[in-house]
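The exercises below are to be worked with the sequence and the structure side by side. Each task is followed by a solution in steps.

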Amino acid sequence: MSAAPASGAGAAAAPVSDPKSASGSAPGSAGTPQRFPLPDIGVMLPFGAVIAALLVGVMLVAALGVPIKDAIAAFLDGAFGSAYVITESIHRALVFALIGTGFVLADRANLTNVGGEGQIAMGGIASTAICLYGGVSHLPLGLSFILPMLGATLAGMAWGAIAGVLKAKGGTNEVISTLLLSFIGVWLLYWSVQSTALLRRPMTGSATLPESLEIPDATKLPVMFPDSDFALHIGLPLTLVLAIVVAVVLNRTLFGLQLKAVGLNPTAARRAGMPIARNIILALALAGALGGLAGAMMLQGQQTVLKAGFSSGYGYDGLVVGLLARRSITGVIAGALLFGFLRSGGINMEMVAAVPTALVTVIQGLIILTIAGIAFITEKKGRAA
Amino acid sequence: MVTVVEPSVADTAAPAGALVAGPAGSTAGITGGGAAPAVAPLLALSGISKAFGALKVLEGISLEVAPGEIHCLLGENGAGKSTLCNLVFGVHKPDAGEMRLGGELYQPKGPADALARGIAMVHQHFSLVHDFTVVDNLLLGQERGILDRRGCAAKVRALGEQYGLPLDPYAKIDDLAVGERQRVEIVKCLMRSPRLLVLDEPTAVLLPAEIESLLQVCRRVAAQGCAVVLVTHKLAEIKKVADRVSVLRAGQFVAKSDSPATDIDRLVRAMIQRDLAGLDAAAASTLGTESAVEAPAKAEISGERQNEILQVDGLTVHDTQGVTRVDKLTLIVNRGEIVGIAGVEGNGQSELGAALSGMTRVTEGRFFVGGVELTGASPKQITAAGVGVVPEDRHAVGCITDMSVAENMFLNRMKSFTRYGFLNRAGLMSEARELMGRFDVRAAGAEVPFRSLSGGNQQKAVLAREITMGGLVFLLAAQPTRGLDVGAVEAVFSHIRAACQRGVGVLLISSELDELISVADRIVVMYRGRIVGECKADPAERDRMGAMMAGHAA
């Protein structure tokens, strides 16, 4: 504290004055247009953070005593080295994108959906059940793989809706309820592959693993370019279309506007005659639906067998993607791709260069911190101006 | 404590200008060069300019405030008063110009810096922790680790004694009335023994008696040698305490006076570019000039039963704790009539308004609008029945400040701008612009965030939305002019009157008795959840109403 007044009263460092009233009274200090979908500084911001975090990652690698050149080579090889790893990375990114999109959708109503993991699990269970025992494998017109996806979507939707109802009717914090529902979903999946009465494959010997049968070929997601090395399945266009639909719904429809109103000021929204409970339930249900669909894509597009650990923590990675996107669907796509490739590269780095894959998690954490920090500073500036 | 720079002989309601030793009846020049006080100025601003983006808020401001002086800043909302205060308090930095404090160059890095230099400010919005006691709130800003509650309480009592600010140091903020909360804020400032005390529209939230005592506090603080800057738009206050007045309009000083009491008419003209005489009575009442309150010609009240638009029958409302807030209240409002509800705040007016707008559960009793029972109806159904609501708490209930002006102006009928669920943004914007023009809502555009509007323009926008609602038959307006300037008040009431002439019944809840007298056709007084009496809206009834408001049965 410098230049203290002549008085004896302890001069305070932190004034309890509220800068809110200051900026509120400043006419014409129009806010940042960050709620609009077009790329702006809010979307560009993460790129700087990513580069900074990667640089720190390189330094950590050096600190481990691993030659940086080898580590980077292993990373790049794992992320971009072959058609196969690129395809894998993109498939992983699709899951992140769906979860992230759902996160942004719920976030519009000021709801934080951290239940992606459980929604993926519920989607996986529903999809497996329908693929194996729903009698869909002989259906024409692609129904053989579409129906399991629909079932998974509905399962995820129901899982999200539970949290929505709890929030709308009982005021239960959705962070708590979606997280706890996640645990329930993951353990339901575990149970369902442990019990032959449920989804576990018939026990033919003591070595039979606790997992489901492989789903029929007809229920697997068709590959778009069968002749190419890139075995990308139709989840790619589907995800892109859904992301665009969500962006349009959020920004161009009455429903999107109502979500925003409910999120910003539920009391005023209620006075204006908007259905608060319905919007809250719908927002979480739709986020859950996207999670369920992600589960179906993981099962029918990649894993083809349901087993414990199916959800792989992708629900949480997708949540991080949603957080980083800062309300922008474009940001979700970019973040999903980044994390998809980052994960692949990290796995290879561990196998080839003996750099623990935990490093990728560290880098993810650094990215989040950097972005949160920069956002904090820029928003503070924006408010003061 | 403060060193007394200039012991003042002036008592509380001393004739204005007593402390200013400048040449008598000095000029009202734009820059007060010749009218400088004999004492060296404590705060001197010269050529201060400030712009937010393209909007110039202040331009070439020069101002001198002497120790022991009460300097009033007069001006309409949006004139730049708050910005000027925020510059002095270090919240914003000036784009150009120079500030000097006690002769030294003064460039505050932030509010903390300003506080350290002996400048304290009471903001329009209080910053108190509601769950804490007075003492704990005062100790919040303390730097050292150990809380000396007892010492602080003693200091609170001593300051209370010295300045006439009685406070229970151990009372919870939640249990204090608005006036008392403001006292806490003032004590918080005084504990730092400031050299300069800035009060931003402190009287906007106060009852008449509280205003009186606040002005006395200002006078006592000034008598201790502290400079006081008082932002206001109430002329009566200026008459009572101001040593000097500077009038801001559109970011520039348009008039200054060293003897405000005799200069009132000129100051008002400068502020609103109009004569006081030409002002609407309701609008004039907000300036606090008691003489301006006259009862205008009132509509003939028809007693015919079919004329009733609002019928409230034995309405009882309990709050969440089960306390009775509205107690078997019965009330009729006729078509084309403005009924005022007077009363000290906290006597159930808020709960009555919330119940009638569908935001609170009715415990008992019923109410009808146009013969249709709306007890227990949702806000949507109430809107559909033709009830417009200007809520008491504009920010919490009336608007969504982070959404655009256009979205806010049609918040209750967004559906009319949709087709297959898709929003017709172009249509929304053009209709919003049209409505903004009709109601004189001034904003940089229809798409800017609602929070960038001044309070008056926000209120005009909310009113525009409710009044232009299709099928409006009844309007509930709760404290519709709180915090508004003269021009906005006049606009609000002229729109309410116009609606009234179209046959809309209006229930006007206000804590400003003068305002009710000048606007309403008849006035009922609410006390502890009940209606304790009814009066004609006549200045002659003022005392009787005042007694009823205080709980003395008529």
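**Exercise 1. Pairing and burial at one sheet edge**

Task: In this predicted model, find the bridge partner of Ile119(B) in S7(B), and state whether the faces of strand S6 of chain B are covered or not.

Solution. Step 1: Leu196(B) is the residue of S7(B) that bridges to Ile119(B). Step 2: S6(B) and strand S7 (residues 196-200) of chain B run parallel and are joined by four bridges. Step 3: S6 of chain B covers residues 119-122, with Ile119(B) and Met121(B) on one side and Ala120(B) and Val122(B) on the other. These residues are all buried, and both faces of the strand are therefore covered, since each residue has 20 or more other C-beta atoms within 10 Å of its own.

**Exercise 2. The sheet around S6(B)**

Task: Give the strand order of the open sheet of six strands in chain B, and name the strands that stand at its edges.

Solution. Step 1: The order is S6-S7-S8-S3-S9-S10 (chain B), with mixed pairing. Step 2: S6 and strand S10 (252-257) of chain B each have a single partner strand, so one side of each has no neighbour in the sheet. Step 3: On average, neighbouring strands of this sheet are turned by 20° against each other, direction ignored. Step 4: At the S10(B) end, strand S9 (residues 244-249) of chain B pairs with S10(B) in the antiparallel sense over five bridges. Within S10(B), Ala255(B) is the bridge partner of Val247(B).

**Exercise 3. The sheet of four strands**

Task: Describe the open sheet of four strands in chain B and identify the helix that packs on it.

Solution. Step 1: The strands are ordered S12-S11-S14-S15 (chain B) and their pairing is antiparallel. Step 2: Strand S12 (324-334) and strand S15 (372-373) of chain B are the edge strands, each pairing on one side only. Step 3: Strand S11 (residues 308-318) of chain B is joined to S12(B) by seven antiparallel bridges. Val326(B) in S12(B) is the bridge partner of Val317(B). Step 4: The helix is H10 (residues 349-356) of chain B, which touches S11, S12 and strand S14 (364-369) of chain B; its direction makes about 65° with that of S12(B).

**Exercise 4. Helix spans**

Task: Compare the end-to-end distance with the expected span for helix H5 of chain B and helix H6 of chain A.

Solution. Step 1: H5 (residues 178-190) of chain B has 13 residues, which at 1.5 Å a residue should span 18 Å; the end C-alpha atoms are 18 Å apart, so the two agree. Among the buried residues of H5(B) are Gln182(B), Val184(B) and Leu190(B). Step 2: H6 (residues 143-170) of chain A has 28 residues and reaches 39 Å from first C-alpha to last, close to the 40 Å expected. Step 3: Gly171(A) follows H6(A) and has a positive phi, near 75°.

**Exercise 5. The two chains**

Task: How many helices and strands does chain A have, and how many does chain B have?

Solution. Step 1: Chain A comes to 14 helices and zero strands, chain B to 18 helices and 22 strands. Step 2: Of the 385 residues in chain A, 49% are buried; for the 554 residues of chain B the share is 53%. Step 3: Chain B is divided into domain 1 (43-273) and domain 2 (305-549), and their C-alpha centres lie 32 Å apart. Step 4: The pLDDT of chain A averages 83, and 86% of its residues score at least 70. Over residues 1-39 of chain A the pLDDT is below 50, although this stretch has 96 contacts in the model beyond near neighbours in sequence. Where pLDDT is low, the predicted coordinates should not be read in detail.

Conventions. Residues numbered from 1 in each chain as written. Chains lettered and ligands numbered in written order. Predicted model: local features only at pLDDT ≥ 70, side-chain atom pairs only at ≥ 80, totals over all residues. Buried ≥ 20, exposed ≤ 12 C-beta atoms within 10 Å, placed from the backbone. Helix = DSSP H or I, 4+ residues; strand = E, 2+ residues; numbered from the N terminus. Pairing = 2+ DSSP bridges. Domains from an automatic or database assignment. Expected span 1.5 Å × (residues − 1). Contact = placed C-beta atoms within 7 Å. Axes fitted to C-alpha atoms, helices over the stretch in contact; angles between N-to-C directions. pLDDT = per-residue confidence, 0-100.
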